[in-house]
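Open the model in your viewer and keep the selection panel at hand. The stops below go from one residue outward and then to another part of the chain.

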Amino acid sequence: MASTLAQHVALDKSNNDDHYISKYLPQRLGNAAPIAYGGYAIGLAIHAACKTAPAGFHLFSAVGHFLRPVSTDTNLICRSVQLRQTKNFVTYRISVEQRNEASPNDTPRLCMEVLTDFHKDEPSVLTYSAPPTRAYSHWRDCKPWERLFESEWAQSGKVTENQVKQFTALFGLSQQIYEGRPCPEGVTAQNLMGMAKAVVTSQEALGPTEKSSADWIRVKHSLSTDGEQMASVGFIMDGALAFLPLANNHLFFDDVSACSSLDFSLRFFTPRPEMEKWHLREMVSHCAGQGRSFSESRLWDERGNLVACMSQQSILRAQSRAKM
């Protein structure tokens, strides 16, 4: 079983050299359904694209659609097709598949399609980036998730024993591979990712699109290549966006029948992120309706430079009347 983020996004070249295969099985994270965390498909697709791109080109865009849930029972397969290559740009389409033993011809299950764009470094005409929507505490003044949960929630009796088990099952994997320190100003830090539905947060008077959450993140183990760095950003940034609208509105997984990502758009603004260093991630939700939601997270380094941005549209399906 993988124990570092580099291992979670690790790939082996196939024997016939036409695709990559994940070294380890994907796992669950932040999803009540018995399926793998969506960040695996994103991270492995990005890593496969980075392994395919020629030297001197850096990923700046990855846009994809979740087509089927990823099973935790089999490895992921990443196939790359080059769509263009010019002096300054190269583009690949990455398909993410899993073997389907139930199929009569062992036809792979297509789980995700991703378009990845690479750009050769060019001089900057202008250099600037937007700040977070509000001021947040520095990482030195923020407690790690596990300490916050234990000291302020579990030991004080604010959550039940069943909720303790549920929180660990949902978010335990992330605590093994990267350190997360939620900023106390954010909604999810105050209501435990929405699990504590009755909590009145400091942003209660704000509308759903004005609320925000943030945390400081750094990967616990070394990442040796630019591809691993880029893949790690994709893996981490996928987290929480699908259920952020629930957390902002006193709801949790048990209030809906489906809550998961449908598509994503990831933009990189630096060619060489360093995820072993502290980064601030802020998450906001822009829209909800028609059984869907649209949310966004942005990532800054400790110097305040915008590193990446991910937006997602997600299914947010109401429970049937029989269940309500």
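Which residues does F264 touch, not counting residues up to four places away in sequence? Select F264 in this predicted model and add I42, A62, V63, G64, F66, M112, V114, M310, S311 and Q312, which are the residues that F264 touches beyond that sequence window.

Next, widen the selection to the largest nonpolar core, which has 77 residues. F264 is among the members that touch the most others, together with I46, F118 and L266. Helix α2, residues 39-52, supplies the largest share of this core, with 9 residues.

Now select α2 alone. The helix has 14 residues, and the distance from its first C-alpha to its last is 20 Å, close to the 20 Å expected at 1.5 Å a residue. Colour by accessibility: 12 of the 14 residues are buried, leaving α2 mostly covered. The buried residues include I42 and I46, and I42 is also one of the contacts of F264.

Clear the selection and pick Y136, W139, C142 and W278. These belong to a second, separate core of 10 residues.

The last stop is R93, in strand β5, residues 89-98. Is R93 buried, or partly exposed? Its relative accessible area is 34%, so R93 counts as partly exposed, the class between under 20% and over 50%. Leaving aside neighbours within four places in sequence, show its contacts: R79, S80, V81, L83, E113, V114 and L115. V114 is also on the list for F264. Finally, draw a C-alpha to C-alpha distance from R93 to P34: 28 Å in space, with the two positions 59 residues apart in sequence numbering.

Key
Residues numbered from 1 in each chain as written. Predicted model: local features only at pLDDT ≥ 70, side-chain atom pairs only at ≥ 80, totals over all residues. Heavy atoms only, no water. Core = buried A, V, L, I, M, F, W, Y, C linked by side-chain atoms within 4.5 Å. Buried < 20%, exposed > 50% of the residue type's maximum accessible area, 1.4 Å probe, protein only. Helix = DSSP H or I, 4+ residues; strand = E, 2+ residues; numbered from the N terminus. Contact = heavy atoms within 4.5 Å. Expected span 1.5 Å × (residues − 1).
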